[in-house]
Amino acid sequence: MNPLALLLTLSSLLFSLGLLAVLTRRNAILILVGIELMLNAANINFIAFWRYGPPDPELTGPMFVLFSIAIAAAEAAVGLAIILMVFRHTRSTDLNRLDSLHG
Amino acid sequence: MQLMPEAVLVVTALVLLGMAVAYESKTLKPFPVNSAIGIATVGILLAIAALWCPPLKLNGDSSLIASDGLARLFKGLVLGLGLLAICIPPARREIPQIGEYYALMLFALTGLLLAAGTNHLLFLFVALELASLSLYLLAGFPRTAKASEASLKYFLFGGVSAAFMLFGMSFLYGFAHTAKLTEIATALAVGPPSALAIAGLLMVLVGLAFKMAAAPFHYWAPDVYQGAPATTVALVSAASKAVGMVVLVRLLLIGFHSAGGSASWGGMLPGWTIWLAILSAVSILFGNLLALAQTSMRRLLAYSAVANTGYLLVALAANGRDAAGSALFYVIVYGLATLGALAVTAAVERDRGNDSISSFAGLVKRSPFQAVSLLVFLTSLAGIPPLAGFFGKFAMFSTAMAATASGEKSGLAWLVGLGAIMSAVSLYYYLSVLKQAYVKDAAEDSVSSSAPCLPVFHALSVAIPAVLLVLLGLFPSILLAPISKAVIDSLGL
């Protein structure tokens, strides 16, 4: 197996794990962790495609990773702020307790 | 200067933030809403004026910051929709931090403008995230359980969609070794698209479908529409949907035009048009059928948003220039109608305390102005001539019938037929709101016989969309002609 295929397998596994966490967990913070895993799986892809692809003088892959790390940090900050706000109302981070909106 | 409007918006947001902090720390009173709206309005008007700055000639290619016709036209239109959204004032004491709220509105608009004007995947991702992160917060500003729940749901769904989009973009980068849409198109022209490109495009489309609230990725929409402040909902439903359409048109018609395949009945060829056709059919069915059962006006508008995304995707699935132009026309018309309907809903909420459809009862007696405007908005959404919504839907459906990539005419008839039948169904729920407003009398115990006079800003955000919808219905070419010119300029198909 060449290194690119290995890395892509790793990133697909990470992405699936993150998606599994998002779909099965009921705790908002653990879902946030799942989303971060999915974003990091994409970062591995960018670096792998850049490293094992044809030479890329514009460094698009690493650029993508730099920006996505910064955005993931901003997203975590916004997410935790929102979770804290919800916690003030419900005293929990459990999504099953969120039922004030319905048709 | 290509980025002048965005720069003006950011500077205005910072000035607004600074003034609010200074005022609040000096007087210990909350910043007045009207001054915040005034400053934000001035900023947006300056940004619209800045659109006329002559673009700088850049060395090399300009895919990062496109200054083509589509970018300029839609930056102007999105700024206009944003201005109308900002004019809907929040309910009394709904939002404690006024300065921060309007500054974030301007940041969200900045992100939307940047996203409308780029042909580069990385820039697109960053711009969309700037807009989305601001919108998640804007949904949760009121200190109520409902608003924070709406904000959390919006954030979680949006976060997953962003992860999907980034993962898909990494596959597209792996396929073409570039993030520029024009170069991706060249890579696709060489041979049939590889599995990598198909998987990448599919995941990016899933991400965008979340943002556009296409079924089955629409679960956040009803809750956000119901729980978030009306101003935020107006921005999400009008401006952010218009930008979503521009992004889809750029991505699919500039980057992936040759990989479209065909979604015509019986003559299907593999490609993204089939996925769009399925997404569109599901959205049209789900949106319209679920809207029938709603008792809350805001949730009804959310499901109507899902259905209208479906209509828009019908035109995109035709994979042609004319159809794309008519979809871009309809998204503006739809934005005006839904924004106006939300402004009327906000006024009714202010008067009655809730947004249930029964609280619209007797609206024509309480406020003829609001009732007539609501008539214009809802009949335009339902697509009744001579309003702009009729012309927009008609143009979309007829161009989708006329042009399919495989050359055979009326291949998309199955999808257009579904759209036409379901928009007849949609008449039922739009008219049931109008029945409340015009035929039913308000309940006996409701005291006020006439609604309180609206603030000037709020009245403008009701009146301007109504006038524009009538005007665009009678003379659609004043918007359609510039849009088709911009589409030819940008896509050059």
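These are my notes on chain B of a predicted model.

**Ground rules.** Residues count from 1 along each chain as its sequence is written, while chains are lettered from A and ligands numbered from 1 in the order in which they are written. As this is a predicted model, local features need pLDDT of at least 70 and side-chain atom pairs count only at pLDDT 80 or more, but totals for chains, interfaces and linings use all residues.

**Overall build.** I looked up the secondary structure of chain B first and got 19 helices and 0 strands (DSSP runs numbered from the N terminus: helices are H or I, at least four residues; strands are E, at least two). The C-alpha trace spans about 70 × 50 × 40 Å along its principal axes. I then checked the radius of gyration, taken over C-alpha atoms. Chain B has 22 Å, which agrees with the value near 23 Å for a compact globule of 493 residues (the rule is 2.2 Å times the number of residues to the power 0.38).

**Inside.** I found that 64% of the 493 residues count as buried. Buried means 20 or more other C-beta atoms within 10 Å of a residue's own, exposed means 12 or fewer, and partly exposed is in between, with C-beta atoms placed from the backbone. Next I asked which residues touch the most other members of the largest nonpolar core. They are Val78(B), Met105(B), Leu172(B), Ala242(B) and Ala327(B), in a core of 231 residues. Such a core is a set of buried Ala, Val, Leu, Ile, Met, Phe, Trp, Tyr and Cys residues joined through C-beta atoms within 7 Å.

I followed Leu172(B) outward. Beyond its neighbours within four places in sequence, its contacts (C-beta atoms, placed from the backbone, within 7 Å) include Leu121(B), Ile184(B) and Val204(B).

**Helix H19.** H19(B) covers residues 477-491, so 15 residues, and reaches 20 Å from first C-alpha to last, close to the 21 Å expected (1.5 Å times one less than its number of residues). Its buried residues are Leu479(B), Ile483(B), Ala486(B), Val487(B) and Ser490(B). They sit on the same side of H19(B) because they cover an arc of only 105° around the axis, judged by directions from the helix axis to the C-beta atoms. Ser477(B), Ile478(B) and Ala481(B) are exposed on the other side. Helices H3, H13 and H18 of chain B are among what covers the buried residues.

**Meeting chain A.** I saw 37 residues of chain B in contact with 35 residues of chain A. H6(B) gives the most to that side of chain B, with 18 residues.

Note on methods
Two residues are in contact if their C-beta atoms, placed from the backbone, lie within 7 Å.
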